[in-house]
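Let's take a walk through this structure together. Have the model open in your viewer as you read.

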Amino acid sequence: MTSQAWLPIFRAIAAEIRAEIVPLAGTVRGREVVGLGAGGDRTIYLDQLAEGIVVRHLEQAYRSGLRFHLISEELGERDFGGSALVLCDPLDGSVNAKMGLPYYAVVLAVTEGDRFREVRLGYVQNLVTADEFHAIEGAGAFRNGKPLQPSPAAFDGRSIPLVSFDAPSGVEPRERAAAIFAKAEKVRQLGSAALNLCHTAAGGVALQATPAPVRAFDLAGPLLILREAGGVATDYDGDPLEGVSVRLDSRTTVLASLSAQVHAFARQLVGERVP
Ligand SMILES: [Mg+2]
């Protein structure tokens, strides 16, 4: 089975999650803590509900003959008899969903192995707008089913039009990004790592800066979308990401842009601060 054959399954998952989650976003019931996820974050009712939908669809896929191995944020790993990995963050941007802020997504990927370079299909859907991004390795990136044909924001070589920043609270990661902030016309911290990378792939975000390590797992599909759109991503020090593990315990920093010029400029800014 080709990775592309997963696309209708992922779309069905996203449609059902969207129908169930959106009405509960921002409610007391939705944000109730129900346990601790395998990814290390607290699981709220919305996470649990979304993951239950994923598992139900994958059990159905298994019954129709598909064999794979699921890695999902809350439950961890579940074997469905095959070596291809299906990665699932049922709700990326949980805090936004919990607080009723309309920027959260379902994130799915299929990989042949446990490294970024082995990701074959990446799928992200904004659950509020139903805006959908996906990429198939070697076959391009798509937004709402149409080839993504991004045009990077104009870059004058001196300032970055819009920087999306992602980091936990605290001063240290902000200090690591200070040189970038100094050259940014606008800065955003929106709260869904997957959607941020999709909008980097679409050119709306000129630079994604993630100076403190975040879970690599959520980034696997979105990074394929960026790569297939023609963008470039490294870790914050400029090292390649291809060999990074996609498993739940793996973490990485990120510096990503659709534009190689913006990426090189950011590398220079970050590099200048290293003693
Ligand atoms: Mg999540």
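The report below goes from the whole chain to its domains, and then to some local details.

## The chain as a whole

A word before we start: this is a predicted model. The chain holds 9 helices and 14 strands. Its C-alpha trace spans about 55 × 40 × 30 Å along the principal axes. How does the radius of gyration compare with that of a compact globule? For 275 residues such a globule would have a value near 19 Å, and the chain has 18 Å, so the two agree.

Burial and contacts add to this picture. Of the 275 residues, 46% are buried. If you take contacts between residues at least 6 apart in sequence, 66% of them join residues at least 24 apart.

## Two domains and where they meet

The chain is divided into domain 1, residues 3-147, and domain 2, residues 163-273. Taken over C-alpha atoms, the centres of domain 1 and domain 2 are separated by 21 Å. Across the boundary, 34 residues of domain 1 are in contact with 28 residues of domain 2.

Which elements give two or more residues to the side of domain 1 that touches domain 2? They are strand E4 (76-92), helix H4 (94-99), strand E5 (105-111), strand E6 (119-126), strand E7 (132-136) and strand E8 (140-143). By residue type, this side of domain 1 divides into 18 nonpolar, 9 polar and 7 charged residues.

## An open mixed sheet

Now look for an open sheet of 5 strands, in the order E11-E10-E12-E14-E13, with mixed pairing. At its edges are strand E11 (187-188) and strand E13 (232-234), each of which pairs on one side only. As a reminder, strands of a sheet pair through backbone hydrogen bonds, either parallel or antiparallel.

Within this sheet, strand E12 (residues 207-215) and strand E14 (residues 251-257) run antiparallel and are joined by 5 bridges. A handy place to see the register is Gln208, which stands opposite Ala256 in E14.

## The helix that packs on the sheet

Helix H7 (residues 193-201) packs on the sheet, where it touches strand E10 (163-165), E12 and E14. The direction of H7 makes about 150° with that of E12.

Why is H7 described as largely enclosed by the rest of the structure? The reason is that 9 of the 9 residues of H7 are buried. Among them are Leu195, Asn196, Cys198 and His199. After H7 comes Gly203, which has a positive phi near 90°.

## A hairpin in domain 1's range

Back towards the start of the numbering, strand E1 (residues 33-36) and strand E2 (residues 42-44) run antiparallel, with 3 bridges between them. Val33 of this pair stands opposite Ile44 in E2. E1 and E2 form a hairpin, and 5 residues lie between the two strands. In the turn, Gly40 has a positive phi of about 100°.

## A closer look at Ala179

Ala179 lies in helix H6 (residues 178-181). Is Ala179 buried or partly exposed? With 16 other C-beta atoms within 10 Å, Ala179 is partly exposed, because burial takes 20 or more such neighbours and 12 or fewer would make a residue exposed.

For a sense of scale, try the distance from Ala179 to Asp41: the two are 138 residues apart in sequence and 30 Å apart in space, C-alpha to C-alpha.

Methods. Residues are numbered from 1 along each chain as its sequence is written. This is a predicted model: local features need pLDDT of at least 70, side-chain atom pairs count only at pLDDT 80 or more; totals for chains, interfaces and linings use all residues. Domain bounds come from an automatic or database domain assignment. Two residues are in contact if their C-beta atoms, placed from the backbone, lie within 7 Å. Helices (H or I, at least four residues) and strands (E, at least two) are DSSP runs, numbered from the N terminus. Ala, Val, Leu, Ile, Met, Phe, Trp, Tyr, Cys and Pro count as nonpolar, Asp, Glu, Lys and Arg as charged, and the others, Gly among them, as polar. Two strands pair if DSSP finds at least two bridges between them. Axes are lines fitted to C-alpha atoms, for helices over the stretch in contact, and angles run from 0 to 180 degrees between N-to-C directions. The radius of gyration is taken over C-alpha atoms; the globule rule is 2.2 Å times the number of residues to the power 0.38.
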